[in-house]
Amino acid sequence: MRIAEKERSKYIDADMSQRLHIMKLILMIMVVYGHSYALPKLSFDIQVPELVENCKNIVRYDICSVAVPSFFLISGILLFSKSFNWAENMKKKVKSILIPYFIINTFWIVFFKLMQAFESTKAYFSDEAYQIYGVEGLLRAYLDPIPLYYPFWFLRDLFIVNVFAKILDILIERVPAIAVILIFAIELHVLPVPFVSDSRAFSLFLLGGILVRYRIKIWRRIPLWIVITGYVMAIVIKILSGSGEETMILYVICGFIFWYEMAGIIAKSRLSSKILKCADFSFFIYAFHEYYEAMIKKVIMSVLPQNTYIQLAEFFILPLIISCICIVVGVFMKRWLNPMYRLICGGRN
């Protein structure tokens, strides 16, 4: 093994591994909050007060939008932190990405078809998003940039990025300057990226590789008050700049460092062992939260009066409840239905 590869394998130590594991749970709960933004289709209209709308926009677009880019960055760090060849990596990704992608989408296809087959439940699953028409519709449920279980667009993009991972690895090693230019070209939308739903999948995955390859740990020796201030300022800049696309890379880096430090604080707390156990089920939350959350939300909104305070409570509390339910179900399946659990989760422990 070459010296560079030995150094690369030392990039992730025990502390960093623990922090990244905790970060996955934090970021996944952010994803659940991001998906909690939308209102389900109901038989009546709901008026969303301005206060509720503003709170939802800040949480979804200005706080939680760091989650998915950070997952791409973590994926790059984890892959490039060890030597790999293309065939072995793709074999692993078929197991960890493609098989769960196929199983979960198939689960929801069957579930919606069954619910639409009974008169008592048909009305609750009449949304266009739940409809699949013929063979073409079935293929699109799997192959569209946004599949039937739409949160899995990330898995689709991640698999595609891994197809090109070895090329990116060679690029980082031999012409790092070109790799850096590519990151900025993609982030500034100068260079269009085909195949993926989000071009940032490539730029942040590539950034993860550069951090590992050149042993850059930008979060080292930064006082916590600077980390917090930097993240708050990045959020403010993002709010003031509208979509914030031009400053997104700064926002992601500041957000990543902030949550990395928060994960470090959690790792040293008395709750660390419990949080780490919950973090084992981050992928399970990802795989099952969305449509169950939408169904529960539809029932709650049909029963409770939708005033300002109840809508705020629904938005802030429901994602936590859904995440906890997923963890409980995941614990049950891991203990009593372990082969099925491991298959669904792509071999993840």
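Which residue forms a salt bridge with Arg140? The partner is Asp144. The closest N and O atoms of the two are 3.1 Å apart. Arg140 is partly exposed, at a relative accessible area of 47%. Keep in mind that this is a predicted model.

Why can such a pair form? Side chains of opposite charge can pair when their charged atoms come close. A search of the whole structure finds eight salt bridges. Several of them deserve a visit.

Go next to Arg213 and Glu173. Their side chains meet in a salt bridge, with N to O at 3.0 Å. Arg213 lies in helix α11, residues 200–213, and Glu173 in helix α9, residues 165–174, so the pair ties together parts that are 40 residues apart in sequence. Arg213 is buried, with a relative accessible area of 12%. Glu173 is partly exposed, at 30%.

Now look at the salt bridge between Glu187 and Arg200. Here the N to O distance is 3.1 Å. This pair also links distant parts of the chain: Glu187 sits in helix α10, residues 176–187, and Arg200 in helix α11. The two residues are 13 apart. Glu187 counts as buried, because its relative accessibility is 4% and the cut-off for buried is under 20%. Arg200 is buried as well, with a relative accessible area of 7%.

Salt bridges can also join up. Asp15, Arg19 and Glu261 are linked in a network of them.

Turn to a histidine. Is His289 buried or exposed? His289 is buried, with a relative accessible area of 0%. Its place is helix α15, which spans residues 282–303. The side chain of His289 makes a polar contact with the side chain of His35, at 2.8 Å. The His289 side chain also reaches a backbone atom, the oxygen of Ile285, at 2.9 Å. Set aside the neighbours within four places in sequence, and His289 is still in contact with other residues. Val31, Val32 and His35 are among them. So are Tyr149, Pro151, Ile322 and Cys326. His35 thus appears twice for His289, in the polar contact and in the list of contacts.

From there, move to the surface. Which residues form a nonpolar patch there? The patch consists of Ile58, Leu224, Ile228, Val232, Val236, Ile239, Leu240 and Ile265. Together they have about 680 Å² of accessible area. Helix α12, residues 224–240, gives the most to this patch, with six residues. Val236 is one residue of the patch, and its place is in helix α12. Val236 is partly exposed, with a relative accessible area of 40%.

Finally, the cysteines. How many disulfides does the structure hold? The count is zero. Take Cys64. The closest cysteine sulfur to its own is in Cys55, 12 Å away, and that is too far for a bond. A disulfide needs the two sulfur atoms within 2.5 Å. Cys64 is buried, with a relative accessible area of 10%. Cys345 is in no disulfide either. For Cys345, the nearest cysteine sulfur is that of Cys326, 11 Å away. Cys345 is buried, at a relative accessible area of 1%. Cys326 has come up before, as a contact of His289.

Key. Residues numbered from 1 in each chain as written. Predicted model: local features only at pLDDT ≥ 70, side-chain atom pairs only at ≥ 80, totals over all residues. Heavy atoms only, no water. Helix = DSSP H or I, 4+ residues; strand = E, 2+ residues; numbered from the N terminus. Buried < 20%, exposed > 50% of the residue type's maximum accessible area, 1.4 Å probe, protein only. Polar contact = N/O pair within 3.5 Å; in protein donor to acceptor, adjacent residues only side chain to side chain. Contact = heavy atoms within 4.5 Å. Patch = residues over 30% accessible without salt bridge, like charges linked within 9 Å, V, L, I, M, F, W, Y side chains within 5 Å. Areas by Shrake-Rupley, 256 points an atom, 1.4 Å probe, with all protein chains shown as cover. Salt bridge = Lys/Arg side-chain N within 4 Å of Asp/Glu carboxyl O.
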